[in-house]
Amino acid sequence: MYIVIILLALVSCFSAASTSVSYLNKSILTTVEGQRYKSGVLYKSPNNKRTLHIATLNWPPYISDSLCNKGWVYHFAVALLNSRGYDVYIEFLPWARAVRNVEIGKADILMPEYFIEDTAPSDFVENKTRRELLGISNTFKGGNIAFLKRKNSPGIFTGNLNSLKGAKIGVVRGYQNTPEFDAMMDNNEFSVIGAVDDLQLVQLLAAERVDLIIGDPVVLAHSVKYSTLNDNAKSKLLNFIEQDGKPLRYNPLYFAISKQTPNWREVLEDINQALYHFNNSGETKRLIDVISAECPSTSLN
């Protein structure tokens, strides 16, 4: 038994360390090999400007340590920063801890993040808003935000958030959802139960501890599919939930950078320039297509 555990750990480390990232920059294909570093993976740039520490989460199909290639957002983030001359140290954490580490300056970049309103309070730094602690990049490809309910239960969401007043809603701690929903949540207009991650969020709904959960339906489904639950438990959960009404909105994704990172404005400008270049050259779409084709079951569609 102990030998099996040790072998699995070695395979896991080898897999993390051997994840390579390839990208086109000015028609030149660059490949960087990941090296196991601290509790994550380090990708060295030929220019070696400096090292940036990314705190991220398991959020399939966009990004996850359990995906066959870590997901397209993983490759996109490494490629984007590496193309600007940065070494990249990327670490998977529970989301609330990732948020805290970047807000207090223990890590440099939080991603993928939703838009953060100017008034959104920090859960970790007293008397500070999140925007006082973080700089926000331009956008990249995201997905829909919607409510999910138990199948065969009556719908609650009418399309107006006021219809949810008094409802018990499950959210992942530290997630931004939509500005309107987050403002009402901060005003205690809903009864909210927090989950550690998307899988636990689905389990809260199935256990009837909440009336609705909020999130990206694609992420919620993939979080069950790529969990350590057995196939029977996965099937039961997936067959137990369905979307309630139309999506609230489409949410693009962002990089959020700690304002305690030295020269953070310069780093943010580098990220925005790389986002423009990758989008304008077609490299963003190429990366999404290539990485998604490697793991077809992680398609966003």
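Visitor: What average pLDDT does the protein have, and what share of the residues scores at least 70?

Guide: The average is 91, and 92% of the residues score at least 70, where pLDDT is the predictor's confidence in each residue, from 0 to 100. Over residues 1-17, however, the pLDDT is below 50, and this stretch has 8 contacts beyond near neighbours in sequence; a contact means heavy atoms within 4.5 Å. Where pLDDT is low, the predicted coordinates should not be read in detail.

Visitor: On what conventions do such statements rest?

Guide: This is a predicted model, in which local features need pLDDT of at least 70 and side-chain atom pairs count only at pLDDT 80 or more, while totals for chains, interfaces and linings use all residues. Residues are numbered from 1 along each chain as its sequence is written, and side-chain values use heavy atoms, with hydrogens and water left out.

Visitor: What makes the protein as compact as a globular protein of its length?

Guide: The radius of gyration, taken over C-alpha atoms, is set against a globule rule of 2.2 Å times the number of residues to the power 0.38. For 301 residues the rule gives 19 Å, and the protein has 19 Å, so it is as compact as a globular protein of that length. The C-alpha trace spans about 55 × 50 × 40 Å along its principal axes.

Visitor: Why is D270 called buried?

Guide: Buried means under 20% relative accessible area, exposed over 50%, and partly exposed in between, with a 1.4 Å probe and protein chains only. D270 has 7% relative accessibility and therefore counts as buried. D270 lies in helix α9 (residues 264-281); helices (H or I, at least four residues) and strands (E, at least two) are DSSP runs, numbered from the N terminus. Leaving aside residues up to four places away in sequence, D270 touches K49, R84 and Y86.

Visitor: Why is K141 called partly exposed?

Guide: Its relative accessible area is 39%, so K141 is partly exposed. K141 belongs to strand β8 (residues 140-150). Its C-alpha atom is 8.4 Å from that of N251, although the two are 110 residues apart along the chain.

Visitor: Which residues of helix α3 are buried, and against what do they pack?

Guide: In α3 (residues 95-103) the buried residues are W95, A98, V99, N101, V102 and E103. They pack against β4 (51-56), β6 (109-113), α4 (130-133), β7 (134-136) and β12 (241-258). After α3 comes G105, with a positive phi near 85°.
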